[in-house]
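Please brief me on the main features of this protein model. Keep it short and sort it by topic.

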Amino acid sequence: MYIERLTTQEFQEFTFNHPLTSYNQTLQYAKYKELEGYTYDLIGLKDSTGTIIAASLILFKKVNKYTYGYAPRGFLIDYTNLDLLKAFNQLLYEFYKNYKITFIKINPNIFISKYDKNNNRYLYNDNSQIIMNLRNAKFQELIRNKNFESKVPAFTPIINLKEFKYANLDKNVRNKIRKSYRRGLSIEKIDYYHLNEIYPFFKNKTKRPLSHYENLFKALYLSNMIDVFKINVDFEEFLINTREKYEEVQEKNQRIVNKIAFNATDKILSQKIQSDNELRALEDDIVMATKGLSKQRVKPIAGAMVIKYKDMITVYVSGYNYRYKKLNPKDFLYYKIIEYYKYNYTYMDLNGFSGDTNNVNNPYKGFNDFILGFNPTVVETIGEYDLVFDPKKYNKFIQEVKIK
């Protein structure tokens, strides 16, 4: 067996059909990371007949005096075959021994457990045995992160789009989506030249510059691997619909008042309180819609970038204007994305979940509740591992450098 650099055709043909493939192991993703300051190799392990039996995109970056590699969602290899894994690692070391590489980081696209929402626990599968193989193959195992400390989330919520039903959404989510329609929200697909309209919704969340998203779009767009959406609020429609709803609830409220005059039961009094609360909420909506309309009729309030690869779509990033949180733009955004893709794709990766489900003080609890409202299957991936080439430099690196 031997390692060599693959042609783009060799790499694409092998990776596209590999069971562990993802958009992170594509030439397009490599081109995007190149725009971000990385160099890259497309390497393959071949047998004596020249047949590729393993491959990976490996990104390289120099930070201070260290050069490290990163195989995003790689390597693409049979991790159940310990002998193959050991041989690949040794050949990698020999292949790169003159490049002064400190280590290569991997985070394979391998699921080791599934979250049982009803019992709040994770059910592990046989893939967890691969962890032993990685240890035996001399990979440095990193701390298993439950939140978002690693380069990619360790926990992934996935929706089966072919089995998706509106009725399966949490009742609270359905209620928010229904109100969003009444409040004049709509989704719009946008192009590269309008990224600046939704960038403010990502800016404070990710701390990345606009150029980061522009580079991603440039690298993936020609291969039809990316779509960008924004959520608009039409204040005129919002105002008209809310006034109509207010009149409807007001009439209902008056009928309840008439009932109370004859028979003030606890049930009727409870209905009156509920109706009063609904009227106050509608009055607040009328004020918001009126103020918004005085400045502009249509305003973008949320957005998302979606990556498409094979039968999977991934919400790469999303965000919204917190001033309009009451309009539930994020719930509406995710629901409309599901609707947009459910006939042409099989799975939707919601891109992130906190595995710390037992801590009521977890700062990500609200985010988890939002994700679980869409009733996804939450899976845990195998985590991050470093293949160390220079132990002395590696120990200094992890003390001095934080990888972004």
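The briefing below covers a sheet, a pocket, a buried strand residue, a helix and some backbone details. The model is predicted. Its sheet of 9 strands is open, with mixed pairing. Its second largest pocket has a volume of about 440 Å³.

**The nine-stranded sheet**

- The strand order is β7-β6-β15-β9-β14-β13-β12-β11-β10.
- β7 (121-124) and β10 (185-190) are the edge strands, and each of them pairs on one side only.
- On average, neighbouring strands of this sheet are turned by 30 degrees against each other, direction ignored.
- Strands of a sheet pair through backbone hydrogen bonds, and the pairing can be parallel or antiparallel.
- β12 (residues 298-309) and β13 (residues 312-320) run antiparallel, and 8 bridges join them.
- One bridge pairs Y309 with M312 of β13.

**T381, a residue of the sheet**

- T381 lies in strand β15, which spans residues 377-381.
- β15 sits between β6 and β9 in the strand order.
- T381 counts as buried because its relative accessibility is 2%, and the cut-off for buried is under 20%.
- Leaving aside neighbours within four places in sequence, the contacts of T381 include the charged residues R73 and R144.
- Other contacts of T381 are P108, I110, F111, I112, P153, A154 and T156.

**The second largest pocket**

- This pocket is lined by 20 residues.
- K179, K245, V249, E278 and L282 lie nearest the pocket centre.
- The elements that give two or more residues to the lining are α5 (171-182), α8 (235-262) and α9 (266-295).
- α9 gives the most, with 8 residues.
- The lining divides into 11 charged, 5 polar and 4 nonpolar residues.

**Helix α2 and its surroundings**

- α2 covers residues 27-35.
- Buried residues in α2 are L27, Q28, Y29, A30, Y32 and K33.
- Among the elements that cover these buried residues are two helices, α1 (8-17) and α7 (210-221).
- The cover also includes the strands β2 (39-46), β3 (52-63) and β13.
- β13 is also a strand of the nine-stranded sheet.
- G37 follows α2 and has a positive phi, near 105 degrees.

**Backbone details in the loops**

- G74 and F75 are joined by a cis peptide bond, with omega about 0 degrees.
- F75 lies in the loop between β4 (66-71) and α3 (82-96).
- K100 is not a glycine, yet its phi is positive, about 55 degrees.
- K100 is placed in the loop between α3 and β5 (103-106).
- K100 counts as exposed because its relative accessibility is 64%, and the cut-off for exposed is over 50%.
- N375 is not a glycine either, and its phi is also positive, about 55 degrees.
- N375 is placed in the loop between α11 (365-372) and β15.
- N375 has 45% relative accessibility, so this residue counts as partly exposed.

Terms used:
Residues are numbered from 1 along each chain as its sequence is written. This is a predicted model: local features need pLDDT of at least 70, side-chain atom pairs count only at pLDDT 80 or more; totals for chains, interfaces and linings use all residues. Side-chain values use heavy atoms; hydrogens and water are left out. Two strands pair if DSSP finds at least two bridges between them. Helices (H or I, at least four residues) and strands (E, at least two) are DSSP runs, numbered from the N terminus. Axes are lines fitted to C-alpha atoms, for helices over the stretch in contact, and angles run from 0 to 180 degrees between N-to-C directions. On a 1 Å grid over the protein atoms alone, a cavity is a set of points where a 1.4 Å probe fits but cannot get out, and a pocket is an open set with protein on both sides within 12 Å along at least five of seven lines; lining residues have an atom within 4 Å of a point. Grid points are joined across faces, edges and corners, and a volume is the space filled by probe spheres set on the points. Buried means under 20% relative accessible area, exposed over 50%, partly exposed in between (1.4 Å probe, protein chains only). Contact means heavy atoms within 4.5 Å.
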